[in-house]
Amino acid sequence: MRTAYSVETVRNAERELMARLPEGALMGRAAAGLAAACAGLLRDLLGRVYGARVVLLVGSGDNGGDALYAGARLARRGAAVTVVPLAPGRTHEGGLTALLGAGGRVADDPFGVLTAADLVLDGITGIGGHGGLRPDAVPVARAARGSGAVVVAVDLPSGVEADSGEVTGEALRADVTVTFGTYKPGLLIDPAREHAGAVRLVDIGLAPHLPSVPALEALQHEDVARLLPVPTGESDKYRRGVVGVVAGSARYPGAAVLAVSGALRGGAGAVRYVGPGGDAVIARFPETLVHEGPPSKAGRVQAWAVGPGLGDALGDGSGPEAAVADVLASDVPVLVDADGLRLLDAETVRGRTAPTLLTPHAGEAAALLGVARPEVEAGRLTAVRELAARYGATVLLKGSTTLVADPDPAVPVRVNPTGTSWLATAGSGDVLSGLSGSLLAAGLAARDAASVAAYLHGLSARLASRNAPLAADDVAENLPEAWRNVVG
């Protein structure tokens, strides 16, 4: 599992570690890892380090010191290293001395050296920066990005917010970020993640000094495999989980089909469908148990998924409001998505004794919070935490970075690492609803069900697309392959 920690936590851990080490040892470790990563990139790019043209963009902090000491190491290997000080008079003294002693030089013309650079190290601000780049750094940052050189961020791209992933001003977009000790939330959450490029973690011995509970975590294959509900010889459809799906309408029967598809291919022992799309569902999945409604009369379920395409009356004549209220009145876990979200009452959700999982996209989240959509997209971590707190529910916020927040603020937010832009296609959220519902019915806690579902959903899309267009049905059909890919 990948874990990320706040700046304050990282700073505290660094202080503890530095107290046990000789002066300058921690920065030396960071610089050594950074130099090694840059040397590898130069060998990939040029086939050599000797003679490579490296430019260091250096601010006033320790981030600039890391860049300078790494530049000194590259200079000793024959690279032509030039520093562009963006805070003259406040450049890290020891680092600058080391660079000049190794044969590096200070740029006379920053824009001229950037034009000829093979690799640029961004050591302007790092994790201590806030509010975007300073105006005097912007032209140099733009020149670096437009130079054609490989841009490597030191610990964090300058101008992004380390703790939230927000980008509130101009920021430098890196091709690679070399981060030290642990991941920072901004390296895993958009829009900052888009500025980080490929992220490489350098071990500097920080792990023993970090708390056991991070701010953010991202599941990996082995974590998902451990959580997946694999049936045993004693399993029957009820032990595997029966999920009820309330979805679709006369206008959107496909939402019902896709949600049921996600549930069945996500491992449900059986699916009970309630809604007006019964004929379309049975035509595609004859094993589905169809009922006209209300949901409470449909039969035994271990979880409900309600909302996708829910736009008009059920087969029993009741409206979508009654269907959502009926499902929320049950004593089993409930997932609410899409049209169901606009019918929610926060007090009702908070009053439930069984878990509730909400799965909005940014627009739906904005409506629930009473803010503009761009505000949610710019501050995804803040938005998902606020929704979880307001509704007392687990929240899966879909989008360029899918986040899962628990109603308990002490529990780490999870970020899904398998997302792909190919999921931006109609109906993919309906598949995710059914898949998540099936995992709830199998007995997974809401946070685990949401995290595992997002992971499989993204992995399935990657397997289905292979960098080519896909439809939501392709995502559903590839769920078994994604499952096999995880469990081996």
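This text leads through one helix packing and then through the empty spaces of the structure, which is a predicted model.

The helix packing involves helix α3, residues 62-76, and helix α4, residues 93-101, whose axes lie 8 Å apart and meet at an angle of about 15 degrees. Since angles under 35 degrees count as roughly parallel, α3 and α4 are therefore roughly parallel to each other. Their crossing is left-handed, and the contact is built from L68, Y69, G71 and A72 on the side of α3, with G94, G95, L96, A98 and L99 contributed by α4. By class, the residues of this contact comprise six nonpolar and three polar ones, with no charged residue among them.

From the packing of helices we can turn to the space left between atoms. Rolling a probe the size of a water molecule over the atoms shows where empty space is left. In this structure there is one cavity of 30 Å³ or more, and the largest cavity has a volume of about 50 Å³. Its lining is formed by L219, T402, V404, R414, V415, N416, P417 and S451, a set that divides into four nonpolar, three polar and one charged residues.

The pockets come next. The largest pocket has a volume of about 830 Å³, and its lining consists of 38 residues, among which K398, G399, L423, A424 and S428 lie nearest the centre of the pocket. Two or more lining residues are given by each of the elements α7 (192-196), α10 (253-265), α14 (362-369), α15 (373-378), α17 (428-441) and α18 (446-465), and it is α17 that supplies the largest share, four residues. In terms of class, the lining of the largest pocket holds eleven nonpolar, 17 polar and ten charged residues.

The second largest pocket, with a volume of about 570 Å³, brings the reader back to helix α3, since α1 (7-18), α2 (25-46) and α3 each supply at least two residues of its lining. This pocket is lined by 29 residues, and those that lie nearest its centre are R11, M27, D62, N63 and D66. The lining of the second largest pocket is made up of twelve nonpolar, eight polar and nine charged residues. Helix α3 thus appears twice in this account, as a partner of α4 in the helix packing and as one of the helices that line the second largest pocket.

Definitions and conventions. Residues are numbered from 1 along each chain as its sequence is written. This is a predicted model: local features need pLDDT of at least 70, side-chain atom pairs count only at pLDDT 80 or more; totals for chains, interfaces and linings use all residues. Side-chain values use heavy atoms; hydrogens and water are left out. Axes are lines fitted to C-alpha atoms, for helices over the stretch in contact, and angles run from 0 to 180 degrees between N-to-C directions. Angles under 35 degrees count as roughly parallel, over 145 as roughly antiparallel, 65 to 115 as roughly perpendicular and the rest as oblique. A crossing is left-handed if the near helix is turned anticlockwise from the far one by less than a right angle, and right-handed if clockwise. Contact means heavy atoms within 4.5 Å. Ala, Val, Leu, Ile, Met, Phe, Trp, Tyr, Cys and Pro count as nonpolar, Asp, Glu, Lys and Arg as charged, and the others, Gly among them, as polar. On a 1 Å grid over the protein atoms alone, a cavity is a set of points where a 1.4 Å probe fits but cannot get out, and a pocket is an open set with protein on both sides within 12 Å along at least five of seven lines; lining residues have an atom within 4 Å of a point. Grid points are joined across faces, edges and corners, and a volume is the space filled by probe spheres set on the points.
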